[in-house]
Amino acid sequence: MPGRWFEGWGVRRFGFHGLAVEWATERAAALLGRPAQDFGLVVAHLGGGSSITAVGGGRSVWTSMGMTPLEGVMMGSRGGSIDPGVLIQLLEDRRLDLEGLRRDLERGSGLLGVSGRSADVRELEAAAAGGDERSRLALAMFADRAAAGIAAAATRLERLDALVFSGGIGENAGRLRAAIVGRLGVLGLDPISESETGRDRVLDPVEGPEPHVAPGAGDRPVTLRVEAREDLVAARAAAGFV
């Protein structure tokens, strides 16, 4: 973008889900039994709002969301990144006005927009099993975009030791989570079970040895499930002011 957008108007990448990433990093360190500063991590916070964050040396070094939560991977009702030329064309052709464009981008895209049915993965999986092609397409697109975002984040790290799934979809949608990891063998990740889990843990691979509790340099990266607890991080920060 032109420099004046930043210098004169303050347009910049902010990123979101910082509290969730902080908690996911702490929990991953505890589950892996090593300091957060010692490993490279990608946090996939997937849900109504979705973002991918690369964490190196215990701090965020890249995130998929930009100045607003609209950028990045596919979400429940937000589509994520889109060719800006499409938006210009829709406005020029007067297919949408500014308010209609905002409405469709924020509340009518993503899983909901593609499926035409719901942003709830459970509903879409049931519909897809019953033969609904738009629901099947929505889930396939979500997995594809999430995997691409995770791969992009991994390139910002010296090495990838772990991938953490968090957020409503990341925590609870076992089949979709497995579909995403299944696309990431190029990063050294082993396929994982489609089974859902109700607790924070290192997820077992479908085949092969049990995952390392504390992967070291040269080990294959592991996949974890961590419940998002922004409330605890916020409460801890607030308590520091008392």
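Start by selecting strand 1 and strand 2 (residues 51–56) in this predicted model: the two run antiparallel and are joined by six bridges. Follow the chain from one to the other and you will trace a hairpin, with five residues linking strand 1 to strand 2. For a landmark on this pairing, pick Leu 41, which stands opposite Val 55 in strand 2.

Keep Leu 41 selected and add strand 4 (residues 162–166). Strand 1 pairs with strand 4 too, here in the parallel sense and over five bridges. Leu 41 is again a handy marker, since Ala 162 of strand 4 stands opposite it.

Now show the side chains of strand 1 (residues 40–45). Are they buried or exposed? Six of the six residues are buried, leaving the strand mostly covered. Gly 40, Val 42 and Ala 44 point one way, while Leu 41, Val 43 and His 45 point the other way.

Next, centre on Val 42 and display its surroundings. Among the residues it touches are Ile 52 and Thr 53, Ile 150 and Ala 153, and Leu 163 and Val 164. Val 42 also ranks with Leu 46, Ile 52, Ile 150, Leu 163 and Ile 180 as the residues with the most contacts inside the largest nonpolar core, a set of 34 residues. To colour this core by element, select strand 1, strand 2, helix 6 (121–129), helix 7 (133–154), strand 4 and helix 9 (174–182), which each give two or more residues to it. Helix 7 gives the most, with nine.

For a last stop, look for another core of 18 residues lying apart from this one. Val 21, Ala 36, Val 202 and Leu 224 are among its members.

Technical notes: Residues numbered from 1 in each chain as written. Predicted model: local features only at pLDDT ≥ 70, side-chain atom pairs only at ≥ 80, totals over all residues. Heavy atoms only, no water. Buried < 20%, exposed > 50% of the residue type's maximum accessible area, 1.4 Å probe, protein only. Helix = DSSP H or I, 4+ residues; strand = E, 2+ residues; numbered from the N terminus. Pairing = 2+ DSSP bridges. Core = buried A, V, L, I, M, F, W, Y, C linked by side-chain atoms within 4.5 Å. Contact = heavy atoms within 4.5 Å. Lists of a residue's contacts leave out its neighbours within four places in sequence.
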